[in-house]
Amino acid sequence: MVPSMESPRVPPLARFIARLVGGGRTDVRALQNVLALQGAVRFTVLMGITVLVPAILLSWFALSDIRAEELYFDAETERGADAAAAKMLHEIDARLSAVESATIDRLNRGQPPVIGLAELSPYLRAALVLDDDGKLVAPLTLDAIPELAPPNGAYRHAFGDGQIADLRGRYDEAAAAYRNAARYAADPVRAGTASFAQARSLSRAGRTGAADRAYQDVYADYTNVRDERGFLFGDLASLQRIRLASDPDTRRVALEEIVQRLLDPDTRWVIGQGGEAALASAAIDELDGKSDPYWVAQARQLLDDRLAQMRWVEERTDELELFDIQSQDVDGKFNYFPTHESDSLWTTVTWEDRTYIFSWDYGGLIGGLQDAIRRDPDLDPSFTASLLRAKTAPPTGVLVREQLPKLTDLNLAVAPADPASLDAQKRQRRTVRSIVVFLAVGMSVIGIVLAGRMLAAELEIARMKTDFAANVSHELRSPITQIRLKGEALQLDLVFDDADRQAHYDAIVREAERLSRLVDNVLDFAAIETGAKKYTFRPEDIGEILTNSVDSARGALEAQGLRVTITIADHLPVVWVDREALGQVIQNLLSNAAKYGADGGWIGVSADLDGDNVAVSVSDGGMGIKPADLDKIWDRFYRSSDPKVRRKRGTGIGLPIVRYIVEAHGGEITVDSAVGRGTTFTFTLPLAPRDTGA
Ligand code: ADP
């Protein structure tokens, strides 16, 4: 129902706005518009609160979450790097600890860890032993060769005589001269040198027994005295005595003994002097082919090892003073002293009053550890680990940098293996999330727009229904009023003459017909809407139906000053139609042509054969239909918003009924219109009887 101004259901605000819009008057339409507007506003606010605001809030959270997720991703990566670093550190520590425990094992078994260093670690280069005073005791010492004072004149004289006699081959004479020199010597080095020369000359003279005795004396008196080249007289004398021995087995055993003694870890070799090495080497050479070859090879290996150790330490003697060897008081505790200048690492361990010092090839050790961590199959392949000197700047992208617990000057640096792919991964996550968020917001906006449009359409239909109700009541009232007026005039005999009376009768009939058309339309429409409409098809003469319809309307049309022409083609075939329904189609089209046609204009009705159909047209020369309205005029309740149309009374159900009926007959209806020039509706009816719509 049309809301009236007095209706208590119209809110006062709506009424107020309607009054504003309607320029002080609250007419029904203004009120309707305001109500529709109110509905739209309510819808927008509701949608905003229930859909858009949550969508925007969610998007905002989702977008800010992207940053949080990135931070989480970074933290995850760092956690991974931390774990990898911890593993690597453990691995490195384990390697060093293995060397430590192997060393302690040896010490426990009473085997000095100064030989066979390669078995402890391939990077160990030398090992030294210190006594509890911190003095080097084995296998090398740092004893300096004492400076010799210049020889006295008597010694020089006697020794010179000996040398000349030696050169001339007078060996007995030489031996005597040397004995004298030994007597004159002011220091044990020169005394030993002269005594040794005496024994050699006796040997050259062929006096083997005397020579052997002389060597024995040298051994007894000067065992631990070194000659000017660093050889111990004891060693030299032993070697010469062995050479004098006639029995090869005795010689071999004695030589083996001397080699063993020289290579014994407790035999100190003096750093910077090659005496022991040269003697051992000479003795081993002599044993070659005489002793067990395996024994010889082993001895040579020991000699080489020891020589290599000695050379290694010789280059680093200065460093021995760089670290505090005395400081260890806990047995078995290893201390590490890295020295980068010479790429050496020293470790010390104290064990039962002795301190062992090891010198490492530091560069080699670092390289080895580096290799090991690089090849570690357990390392997460998304990271790379490397060892850095503590003070070097870390390479870019390093995630974790940690000091090695034992080698404190080294840092373990863990970096992503492929930083570019890490970044790409991050970017991709960000993009995917953003797309999802924007899609979600976009969809809710689209949803709101679609819902709004649907609502607008619904509101429009509701508005049209209201219009329809208003229009129908209006349409009903005017013929009823007319009939009543004319009837009352006749009843009270208020007519002038017969012609006037006739005019009154005609008017009553015309208005009654109009009334019945309207009622027919409304009832038909209701039946069509509920699907209850039924048609009865019979073979009919289309020309006759058209003529009858036009004739029954002609009076009313001509009363409006309209001229109607009808053109029916000859011999039109019979069509299967519902006579009454077809009549209603023609009536509706004629009534529209009259309403929207030009005043005093013309209406043309025609029928002709068109292929398998009969085509019927109703034309007028009226206002025409705007192209934008051409599609909408078939919608129920639709009435053009054009004021020229609005001035005419109508309900908006005429054309939908027409189309329904035509289509129920299996035909089609089209419209051809030009604004200001007129309109032609043409519908077809198929010739063959059809079983449709009924
Ligand atoms: P009503 O005529 O009751 O408004 P209809 O369904 O018969 O309803 O027509 C729908 C609309 O089509 C009309 O409001 C009008 O705008 C347009 N229309 C119909 N016939 C014509 C015509 N012959 N000339 C111009 N406009 C027309």
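This passage walks through an open sheet and the helices on it, a pocket beside them, a separate hairpin and a small set of cavities in a predicted model.

The sheet comes first. Five strands make up an open sheet with mixed pairing, and reading across it gives the order β12-β14-β15-β17-β16. The edge positions go to β12 (563-568) and β16 (669-674); each has a single partner strand, so one side of each is left without a neighbour in the sheet. Going from one strand to the next, the twist averages 15 degrees.

Inside that order, β17 is a good strand to follow. On one side, β17 (residues 678-686) is joined to β15 (residues 613-620) by 8 bridges, and the two run antiparallel. Two of the residue pairs can be picked out by eye: V616 has F683 of β17 as its bridge partner, and A615 sits opposite T684, also in β17. On the other side, β17 runs antiparallel to β16, this time with 6 bridges. Here I669 stands opposite F683, the β17 residue that is also the bridge partner of V616. The link between β16 and β17 is a hairpin with 3 residues between the strands, and G676 in the turn has a positive phi of about 85 degrees. As for cover, β17 is mostly tucked away, with 7 of its 9 residues buried.

Two helices go with this sheet. Helix α15 (residues 542-559) packs on it and touches β12, β14 (602-610), β15 and β17. The direction of α15 makes about 175 degrees with that of β12. Helix α16 (residues 579-596) lies across β14, β15 and β17, and runs at about 170 degrees to β17.

What does S549 touch beyond its neighbours within four places in sequence? S549 is part of helix α15, and its contacts are G583, I586, Q587 and L590. S549 counts as buried because its relative accessibility is 7%, and the cut-off for that label is under 20%.

Two of those contacts turn up again in the second largest pocket. This pocket holds about 490 Å³ of space. Its lining takes in 22 residues, and the ones nearest the centre are D520, E580, G583, Q584 and Q587. G583 and Q587 are the pair that S549 also contacts. Which helices supply at least two residues each to this lining? They are α14 (498-530), α15 and α16. Of the contributors, α16 gives the most, with 7 residues. By character, the lining splits into 4 nonpolar, 9 polar and 9 charged residues.

Elsewhere in the chain there is another hairpin to look at. Strands β9 (residues 400-403) and β10 (residues 410-416) run antiparallel and are joined by 4 bridges. Within this pair, V400 stands opposite V414 of β10. The hairpin gets from β9 to β10 through 6 residues.

Then there is the enclosed space. Rolling a probe the size of a water molecule over the atoms shows where empty space is left. Counting those of 30 Å³ or more, the structure holds 4 cavities, and the largest has a volume of about 80 Å³. The lining of that largest cavity consists of V114, I115, G116, P139, L263, P265, L302, D305, R306 and Q309. Helix α11 (residues 293-314) provides the largest share of this lining, with 4 residues. In contrast to the pocket lining described above, which has 4 nonpolar residues, the cavity lining has 6 nonpolar, 2 polar and 2 charged.

One lining residue, I115, can be placed in more detail. I115 is found in the loop between α2 (28-108) and α3 (117-120). Is I115 buried, partly exposed or exposed? I115 counts as partly exposed because its relative accessibility is 34%, a value that falls between the 20% and 50% cut-offs. Setting aside residues up to four places away in sequence, I115 touches R106, P265 and L302. P265 and L302 are also among the residues lining the largest cavity. For a sense of scale along the chain, I115 and H157 are 42 residues apart in sequence, and their C-alpha atoms are 47 Å apart in space.

Note on methods:
Residues are numbered from 1 along each chain as its sequence is written. This is a predicted model: local features need pLDDT of at least 70, side-chain atom pairs count only at pLDDT 80 or more; totals for chains, interfaces and linings use all residues. Side-chain values use heavy atoms; hydrogens and water are left out. Two strands pair if DSSP finds at least two bridges between them. Axes are lines fitted to C-alpha atoms, for helices over the stretch in contact, and angles run from 0 to 180 degrees between N-to-C directions. Contact means heavy atoms within 4.5 Å. On a 1 Å grid over the protein atoms alone, a cavity is a set of points where a 1.4 Å probe fits but cannot get out, and a pocket is an open set with protein on both sides within 12 Å along at least five of seven lines; lining residues have an atom within 4 Å of a point. Grid points are joined across faces, edges and corners, and a volume is the space filled by probe spheres set on the points. Ala, Val, Leu, Ile, Met, Phe, Trp, Tyr, Cys and Pro count as nonpolar, Asp, Glu, Lys and Arg as charged, and the others, Gly among them, as polar. Buried means under 20% relative accessible area, exposed over 50%, partly exposed in between (1.4 Å probe, protein chains only).
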